[in-house]
Amino acid sequence: MDIRNYRDAWGVPHLRAGSAAELAWAQGRNAALDRAWQIEVERHRAQGTSASFLGSGAVGWDRFARQSRLDDTARRCFERLEPATAAWITSYVDGVNAGLDEGAGRAPQFASTGLAPTPWQPWVPLGIWLSTHILFAGFPTKLWREEVARALGEDVIDLFATDGMGQAGSNGWLVDADRTASGAPLIAGDPHRFIEDPGIYQQIHLACPEFDVVGLAVPGVPGIAHFGHTGSVAWAITNAMADYQDLYREQFRERDGKLEALGPDGWRSVSVHSETIEVADADPVTVEVVETERGPVIIGGPGEAESISLRIPPRVTGELGFDALPALLWARTVGDVDRAFDRWAEPVNVVQAADTEGGVLHRVAGRVPVRHPDNMLRVVPAWQAGHDWDGWHESPRRPVDGIAVMANERSIAGPLGVEFAPPHRAERIRTLLHEQHSWTAEGMAVVHMDTQLDSAKPLLRLVAGADGLSPEAARLRERLAGWNRRMDADSEVAAAYARLRSVVVRLVAEHPALEKLAGQVDPGAYPEALRPWLALVPKVAFALEGLLVTSALPELDRQDLVRRALEEATAAPTAATWGETHRLAPWQAEPDGEPEEWPGLSGDQDCVLSTSSIPGISDLSARGPAARYVWDLARRDDSLWVVPLGASGAAGDPHRRDQLPLWLHGGFVPVITDWNQLTEEDMPAEHATRSRTAVHEAAVDGFGTVRVVPLDPAADAALVHRWVTEERARYWGMAGHTRQQVQEIYEFVDSLATHHAYLVHRDDEPVALFQTYEPGADPVGECYDVQPGDFGIHLLVGPPAAGASQRGFTSALMTALVGFVLKDPQVLRVVVEPDARNEKAVARMVRSGFVLGPEIDKPEKRAQLAFLSRETLDSWALVGP
């Protein structure tokens, strides 16, 4: 394989390879080396097997993963992929498997938990994607609304509507050419996720002859799905807050020993089986996995008081959208990005893109089913007609007029969802962007780091109106009256406001107006993975702005409540500054050392710098900008990016934490694509560049250097599988073959002394598959009179991306291959046997001097025999075909 690994000064991996398939392999191997523990944890979470090494604390998630059938859905979606995409993903997985053992040696968590890496299956990246995003649409909110309706009434079912901790959002903005100093667009933003150690996003540079892309990859998943820059086009996404997952209340019965569920058309059979969750520190747990026509049952089950099934698009269609991933890497224009995202399924995102030709894009991508409005609000009865899915919504689009902002608010995706983020972040970003017309990449830090908290206004108005206060409480009121609403880490007033807000949250949650709701909701009755959506205090915290102004709770005396809160807030000790308690708290599956003292943060939930805590419970921040980026379309190397911790997840690596100081204070790491500024790493001998010795090498004028190397059935399986299963290679006879079947075929060929397979390279890029055989030892020898010196060949030229569409390409390639054939003086005549239906190939051979023989019937095809004499070969080698 022709693979080279580089690093920049920040440890960011820059990978080069001779083909897209080899590059996918290199990306997979890099993920295994830099993020072995992270990707293995994610693999096991997708499979529902993480408790086997993390212990009983992981059983809740494993149960949900098993019951929702994440791994099986991933397998289904993999089987529906286009063959080329499946081969590309398989190559990535082969790379992961090649690097896992070495990567595990760099991560002490493997030894401490006793986890031993095992080979990945090709669909694992799809499972990781599903597991990571299954809760993005926030379907558990429907369970909460049911509780609200039962406790407080149907008319207040949306009382707590807001963007809460369970969902992931983002900021993103596009500034067109008229508002930048360079005269080319800028795209910037930051995805908001749980901050993980190591991070969910990996900075990476991927280059091969077909494309050259920088972006933020998800370790364990090939390509660059969310944020990328190909040099001529860049794109970014954020959560559209669409509603595309439904919950159905199920009824079961047993009839003739079989389980059935009641649907709108009567009783239908149900799929049931049991699975066992192995637990490292406890006895195994048996899980009953039940699936109705709606979907997997994730709450209750047969014999339970309540049973609820989950319906999601990938489970219904078998499509996750991964065919978009390679298309994005090949994108050159906004139109290419647009067409790639037409294939997208889940999660549903808002996309922004711009290219160097002046094109801009602002659209929604993903699948949202058309169905009854009640499906979007709550759990619906499975047996009632009218709750099925009826096609898919059109993807909304908007023109870009100077700037375009996406911050999870109700705007472009409004028709597709129910709950959106408050408008504060989006409005603040627009305000800041309108303040100047000559933006640069460096200047975007002032937007990324803005800490103005406009959602504080309702509470501050109530504070200003409070009277009858003690002197201490009155002083706090006056301090807040002069506050600039900036949630800065060094702000004492921000700390005082946060303390007051937490008290208000608690007092609202304890108020008799919500007493019935507080006493009714039993989070323990729901799966552990869904409980964050069903706790009252966090719900109050994130809906506080609305609860302080709504008329739906007339018995709630807000002015009196705030007065009481002011008194209580002054009576308790208060942190000196906001950053003293508002500290980073990354999620770690298993700490690999002593507990760390994480730094204090600026920002808050509704600031542009969205570092979320849970008022009333903790000021610690578990969610925030999981990366920041600025894509410059004038010059890609003027782009900027940063992640919360560092490029590496390996213990002891100098680049594991080195970006944290920059991330904290709005700094960036430069995007570097100049290979001369990078440091090349040594590859292991078994993976070194040009590791296989060429059996033939020749320079062809005006074409390049052609090298013929023996085919490695395992290492080259993904590439060859992609070639032989394309429609253009239908006459090769392997359409529909799996990668494993292709590998096994060439392992058999490799075992024969009379048959040989080679990869043909032009300037180190694989461009053709070349096979030779002795006709007398082949089934074709039974179909004609084999002559001494007969020598059989097959040639499959690679896809156009590898150069096959260039005029004269095949002729130039054959010139070099004839030289290879002529090296053996015993070859007197070349024999070929293309499919007789392949008229173009037959005509090409006749033009090249082949003499047609008879048509013959072989088990797999009707073939046209043709022969080329040594004399013709000699003249061909001299002047070319």
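M241 lies in the loop between β8 (233-239) and β9. Its phi is positive, about 60 degrees, although M241 is not a glycine. Is M241 buried or exposed? In this predicted model, M241 is buried, with a relative accessible area of 4%. That value falls under the 20% cut-off for burial.

R485 also has a positive phi of about 60 degrees, and it is not a glycine either. R485 is found in the loop between α16 (471-481) and α17.

**Confidence**

The chain has a mean pLDDT of 91. Of its residues, 96% reach 70 or more. Two stretches need care. Over residues 685-691, pLDDT stays under 50. The model still has 18 contacts for them beyond four places in sequence. Residues 801-805 also stay under 50, here with 13 contacts beyond four places in sequence. Where pLDDT is low, the predicted coordinates should not be read in detail.

**The sheet with β9**

The strand after the M241 loop, β9, belongs to an open sheet of 4 strands. The order is β15-β16-β9-β19, and the pairing is mixed. Which strands stand at the edges? They are β15 (297-299) and β19 (380-381). Each has a single partner strand, so one side of each is left without a neighbour in the sheet.

The partner of β15 is β16 (residues 307-311), paired in the antiparallel sense over 2 bridges. In β16, I308 is the bridge partner of I299. Helix α8 (residues 140-152) packs on this sheet. It touches β9 (246-250), β15 and β16. The direction of α8 makes about 60 degrees with that of β9.

**An enclosed helix**

How many of the 10 residues of helix α7 (residues 124-133) are buried? The count is 10 of 10, so α7 is largely enclosed by the rest of the structure. The buried residues run from V124, P125, L126, G127 and I128 to W129, L130, S131, T132 and H133. An α-helix has 3.6 residues a turn, so residues three or four places apart point the same way. In α7, burial takes in every residue of the helix.

The surroundings of α7 include both helices and a strand. Its buried residues pack against α1 (20-47), α3 (59-67), α4 (70-79), α5 (83-105) and α9 (313-317). The strand on that list is β4 (186-194).

**Two helix pairs**

Two of the helices that pack against α7, α1 and α3, also pack against each other. A second pair is α15 with α17.

| Pair | Angle | Axes apart | Nonpolar residues | Polar residues | Charged residues |
|---|---|---|---|---|---|
| α1 and α3 | about 55 degrees | 7 Å | 3 | 2 | 3 |
| α15 and α17 | about 90 degrees | 12 Å | 6 | no polar | 1 |

Why are α1 and α3 called oblique? They pack at about 55 degrees, while roughly parallel means under 35 degrees and roughly perpendicular means 65 to 115, so the pair counts as oblique. H44, R45, A46 and Q47 of α1 make the contact with W61, D62, A65 and R66 of α3. By class, that contact has 3 nonpolar, 2 polar and 3 charged residues.

Helix α15 (residues 457-464) and helix α17 (residues 492-510) pack at about 90 degrees. The two are therefore roughly perpendicular to each other. L459, L460 and V463 are the α15 residues in the contact. From α17 come Y497, L500, R501 and V504. This contact has 6 nonpolar residues, 1 charged residue and no polar ones.

**Loops: cis bonds and H434**

Two cis peptide bonds stand out, and each leads into a proline. One joins D197 and P198, with omega about 0 degrees. P198 lies in the loop between β4 and β5 (202-208). The strand β4 is also among the neighbours of α7. The other cis bond runs from E346 to P347, with omega near 0 degrees. P347 is in the loop between α11 (334-341) and β17 (349-355).

H434 lies in the loop between α13 (424-433) and α14 (445-448). H434 is partly exposed, with a relative accessible area of 43%. What does H434 touch, beyond residues up to four places away in sequence? Its contacts are R179 and I403. H434 and V175 are 259 residues apart along the chain, yet their C-alpha atoms are separated by 9.9 Å.

Key
Residues numbered from 1 in each chain as written. Predicted model: local features only at pLDDT ≥ 70, side-chain atom pairs only at ≥ 80, totals over all residues. Heavy atoms only, no water. Axes fitted to C-alpha atoms, helices over the stretch in contact; angles between N-to-C directions. Parallel < 35°, antiparallel > 145°, perpendicular 65-115°, else oblique. Contact = heavy atoms within 4.5 Å. Nonpolar A, V, L, I, M, F, W, Y, C, P; charged D, E, K, R; others polar. Buried < 20%, exposed > 50% of the residue type's maximum accessible area, 1.4 Å probe, protein only. pLDDT = per-residue confidence, 0-100. Pairing = 2+ DSSP bridges.
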